[in-house]
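Visitor: I am new to this structure. Could you show it to me and explain the words you use?

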Amino acid sequence: MENVKLNNGLTCPVVGIGTFMLSPADAENSVREALKMGYRLIDTANAYVNERAVGRGMKESGVARGEIFLSTKLWPSEYENENAVDETLERLGVDYVDLLYIHQPAGNWLAGYRQLEKAYKEGKAKSIGISNFEGKYIASLETKWEIAPQFIQVEAHPYFTQKELRRTLDKYGIRLMSWYPLGHGDKSLINEPIFAELGKKYGKTPAQVILRWHTQMGFVVIPGSKNVDHIRDNLNILDFTLTDEEMAKIAGLDKNERYYHRTDAQLVQFAAWKPSFEKE
Ligand SMILES: NC(=O)c1ccc[n+]([C@@H]2O[C@H](COP(=O)([O-])OP(=O)(O)OC[C@H]3O[C@@H](n4cnc5c(N)ncnc54)[C@H](OP(=O)(O)O)[C@@H]3O)[C@@H](O)[C@H]2O)c1
């Protein structure tokens with residue numbers, strides 16, 4: 001497994017599995033199977049309401065806790081709950097996470113960030129991150145953080161490469177973790193002819209070429225899947241290298257266009273929404 005070095009000296013695998021929109025049963029299955037086939041990075045969130053299932057999948061895999069890089073996120077309605085971190089750890093069945101994000105710049109997000117810094121100092125989060133904090137949000141946070149984050153998790157794929165944000169990240173050595181790396185299943189991205197062409201050259205699927213592009217951009221990538229064949233394919237991307245010319249051709253697809261457009265009204269809803277956490 002290739003790893004990237006973080007700005008606090010730790011390392012993180014370049015490929016992992018995401019669990020957004022996976023039911024607890026699917027998340028448990030995907031996490032167990034992914035770890036058994038060699039994945040070492042898992043991404044979940046309070047809001048996915050599958051943290052207990054992720055914890056079960058980790059245990060069932062037989063892979064030692066110390067070998068796994070586990071990432072989760074506090075939801076905005078938890079930012080002022082002083083037990084939010086301990087409750088998250090309890091649901092996951094672990095005594096620390098490798099990466100803890102605040103999920104959205106909603107509600108009292110500074111209180112959320114302070115919880116991350118506290119968890120970091122206490123060893124409950126080995127690294128910390130911000131999710132969906134582009135533009136004015138990271139600009140505001142960078143004047144207030146005591147500990148700079150190790151990661152930002154944002155939408156990124158060949159149609160939307162976060163060019164502007166990356167200038168700020170470079171200042172602090174913050175790593176980008178891509179969400180919607182495959183366009184959330186959108187066929188137009190996967191069906192771009194360049195990916196079929198390069199796939200033919202390297203003996204890979206279009207999805208594998210896209211994921212390799214992410215890692216060569218320096219991004220950490222966490223494709224979501226409940227299909228064991230896709231999960232296997234998504235890990236099998238590190239045995240070929242796109243040339244500079246091929247990377248430049250893919251750069252030509254950038255439309256600076258997101259799939260997901262969040263509104264201010266949604267941020268208000270996010271702050272009010274309380275996940276119905278799994279009881280067991
Ligand atoms: N921080 C945030 O706000 C945020 C937002 C969205 C997502 N995320 C994180 O980012 C992760 C990735 O995003 P995502 O899961 O929404 O989108 P994605 O990874 O871009 O796409 C997932 C979709 O692609 C399909 N797929 C996966 N591997 C494939 C392959 N090799 N070939 C063809 N199709 C494939 C999956 O279907 P199958 O199940 O059939 O494989 C699923 O429909 C999430 O799981 C989550 O951890 C974070």
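Visitor: Which residues in α8 meet which residues in α9?

Guide: Phe195, Ala196, Leu198 and Gly199 in α8 meet Pro206, Gln208, Val209 and Ile210 in α9. "Meet" refers to contact, with C-beta atoms, placed from the backbone, within 7 Å. Before we go on, please note that this is a predicted model, where local features need pLDDT of at least 70, side-chain atom pairs count only at pLDDT 80 or more, and totals for chains, interfaces and linings use all residues. Residues are numbered from 1 along each chain as its sequence is written.

Visitor: What kinds of residues make up the contact of α8 with α9?

Guide: Six are nonpolar, two are polar and none is charged. Here Ala, Val, Leu, Ile, Met, Phe, Trp, Tyr, Cys and Pro count as nonpolar, Asp, Glu, Lys and Arg as charged, and the others, Gly among them, as polar.

Visitor: Why are α8 and α9 called roughly perpendicular?

Guide: Helix α8 (residues 193-202) and helix α9 (residues 206-216) pack at about 95°, with axes 8 Å apart. Angles of 65 to 115 degrees count as roughly perpendicular, under 35 as roughly parallel, over 145 as roughly antiparallel and the rest as oblique. The pair is therefore roughly perpendicular.

Visitor: And what makes α2 and α3 oblique?

Guide: Helix α2 (residues 51-61) and helix α3 (residues 84-92) pack at an angle of about 45°, their axes lying 7 Å apart. That angle fits none of the other classes, so α2 and α3 are oblique to each other. Glu51, Arg52, Val54 and Gly55 in α2 meet Thr88, Arg91 and Leu92 in α3. This contact has two nonpolar, two polar and three charged residues.

Visitor: How do you know that glycine 224 is buried?

Guide: A residue is buried if 20 or more other C-beta atoms lie within 10 Å of its own, exposed if 12 or fewer, and partly exposed in between. Glycine 224 has 24 C-beta neighbours inside 10 Å, so it counts as buried. This glycine is found in the loop between β10 (220-221) and α10 (228-235). Leaving aside neighbours within four places in sequence, glycine 224 is in contact with Gly18, Thr19, Phe20, Met21 and Leu22.

Visitor: Why do the buried residues of α4 line one face of the helix?

Guide: The buried residues of α4 are Trp109, Gly112, Tyr113, Gln115, Leu116 and Ala119. Seen down the axis of α4, they fall within an arc of 150°, so they line one face. The arc is that of the directions from the helix axis to the C-beta atoms.

Conventions:
Axes fitted to C-alpha atoms, helices over the stretch in contact; angles between N-to-C directions. Helix = DSSP H or I, 4+ residues; strand = E, 2+ residues; numbered from the N terminus. Contact = placed C-beta atoms within 7 Å.
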